[in-house]
Amino acid sequence: MLVAGKTVRELALEVPNATRVFERLGIDYCCGGGRSLEEACAVAHVTLEDVERSLAEAEKQPVEAGHDDASWQRVPLFGLIAHIIQKHHYFVRRELTRIEPLLVRVIASHGPAHPELLEVQRQFRGLGEELLQHMEKEEQILFPYVTRLEECESRRQPVAPPRFGTVENPIRMMMQEHESAGSALRTIRAKTDNYRLPAGACAGYESLFRALQDFEQDLHQHIHLENNILFPRAVELEGKARARGGWGEAD
Ligand SMILES: [Fe+2]
Ligand SMILES: [Fe+2]
């Protein structure tokens, strides 16, 4: 496999199951997709040989449902958007309401001995509030515009230019917000010493750490689909509409 000189994003899209390998090895494939694999390995403290070997093995495994990046690059964008909302936005909203009371319960029993849990709670609450607003903006502003753009393009109809000028503006904002979510997750991971359970942790503690790790993993996949597949395709589509002169009157 030729990985030298490739970016994490390129490999995530080209190699089946690559995102599962990156997740397991702690390689940032969503916000840090623009890094070369060599650079990403240095940040994650793993060797290039280890990653190459794991990628070669993963490539032979069947692709997990919902993780088929090759088809997400081909399906109409409205299908990808529906998948993001139904799977990932739904998951975030559901887990935010489940994890919050779990945190409160674990802090009530273990907070005095583990004050770092209070910082985890602070970070998680901030992350939750940000994500709810973020998803609202995607669902109300960005996604409807991309769907309309695709519809007009397929019918060769003129597209009304959006109030935000070009799709690149909300995309830039969404990507900054993804960075901020990624950084909150990294802080939570560091505060919990990579989700290492302390001696004497109860079942609730274990469920909390499991839930936080699942939340992190889902958010990585969610951001990967947006940053690495949806957003570049939306920019390309808008470019095509402009190039064919299909830019209509303003909204
Ligand atoms: Fe999203
Ligand atoms: Fe997003």
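Visitor: Where is Asn-194 found?

Guide: Asn-194 is found in the loop between helix 8 and helix 9. Helices here are DSSP runs (H or I, at least four residues, with strands being E runs of at least two), numbered from the N terminus. Before we go on, a word on the model: it is predicted, local features need pLDDT of at least 70, side-chain atom pairs count only at pLDDT 80 or more, and totals for chains, interfaces and linings use all residues. Residues are numbered from 1 along each chain as its sequence is written, chains are lettered from A and ligands numbered from 1 in the order in which they are written, and side-chain values use heavy atoms, with hydrogens and water left out.

Visitor: What is the phi of Asn-194?

Guide: It is near 60°, a positive value in a residue other than glycine. Asp-193 sits in that loop between helix 8 and helix 9 too, and its phi is also positive, at about 50°, although it is not a glycine.

Visitor: Why is Asp-193 called partly exposed?

Guide: Buried means under 20% relative accessible area, exposed means over 50%, and partly exposed is in between (1.4 Å probe, protein chains only). Asp-193 comes to 39%, so it counts as partly exposed. Asp-28, in the loop between helix 2 (18-25) and helix 3 (37-44), has 24%, so it is partly exposed as well.

Visitor: And what makes Arg-74 exposed?

Guide: Its relative accessible area is 63%, so it passes the mark for exposed. You will find Arg-74 in the loop between helix 5 (69-72) and helix 6.

Visitor: Let's turn to the metals. How do you know which residues are donors of the iron ion (ligand 1)?

Guide: Donors are N, O and S atoms within 2.8 Å of the metal (3.2 Å for Na, K and Ca), and water is not among the atoms, so sites may look incomplete. His-89 (NE2), Glu-138 (OE), His-222 (NE2) and Glu-226 (OE) lie 1.9 to 2.2 Å from the iron ion (ligand 1), and they are spaced H-x48-E-x83-H-x3-E in sequence. This links distant parts of the chain, since His-89 is in helix 6 (residues 77-110) and Glu-226 is in helix 9 (residues 203-243), 137 residues apart.

Visitor: Why is the arrangement around the iron ion (ligand 1) called irregular?

Guide: Four donors are tetrahedral if all angles lie between 85 and 135 degrees; four are square planar and six octahedral if opposite donors are over 155 degrees apart and all others between 65 and 115; anything else is irregular. The four donor atoms around the iron ion (ligand 1) subtend angles of 88 to 166°, so the tetrahedral range is broken at its upper end and the arrangement is classed as irregular.

Visitor: What coordinates the iron ion (ligand 2)?

Guide: His-134 (NE2), Glu-138 (OE), His-178 (NE2) and Glu-226 (OE) do, at 2.0 to 2.2 Å. Glu-138 bridges the two iron ions, which lie 3.2 Å apart.

Visitor: What makes the arrangement around the iron ion (ligand 2) irregular?

Guide: Its four donor atoms subtend angles of 84 to 171°, so the tetrahedral range is broken at both ends, and irregular is the result. Here Glu-138 in helix 7 and His-178 in helix 8 (residues 168-191) are 40 residues apart.

Visitor: How do you know that His-89 is buried?

Guide: Its relative accessible area is 0%, so it falls under the limit for buried. Glu-226 is also at 0% and so is buried, and both Glu-138 and His-178 are buried too.

Visitor: Why is helix 6 called roughly antiparallel to helix 7?

Guide: Axes are lines fitted to C-alpha atoms, for helices over the stretch in contact, and angles run from 0 to 180 degrees between N-to-C directions. Angles under 35 degrees are roughly parallel, over 145 roughly antiparallel, 65 to 115 roughly perpendicular and the rest oblique. Helix 6 and helix 7 (residues 116-155) pack at about 165°, with their axes 10 Å apart. That makes the two roughly antiparallel.

Visitor: What makes helix 2 and helix 4 oblique to each other?

Guide: The axes of helix 2 and helix 4 (residues 48-60) come within 9 Å and cross at roughly 140°. That angle falls in none of the named ranges, so the pair is oblique.
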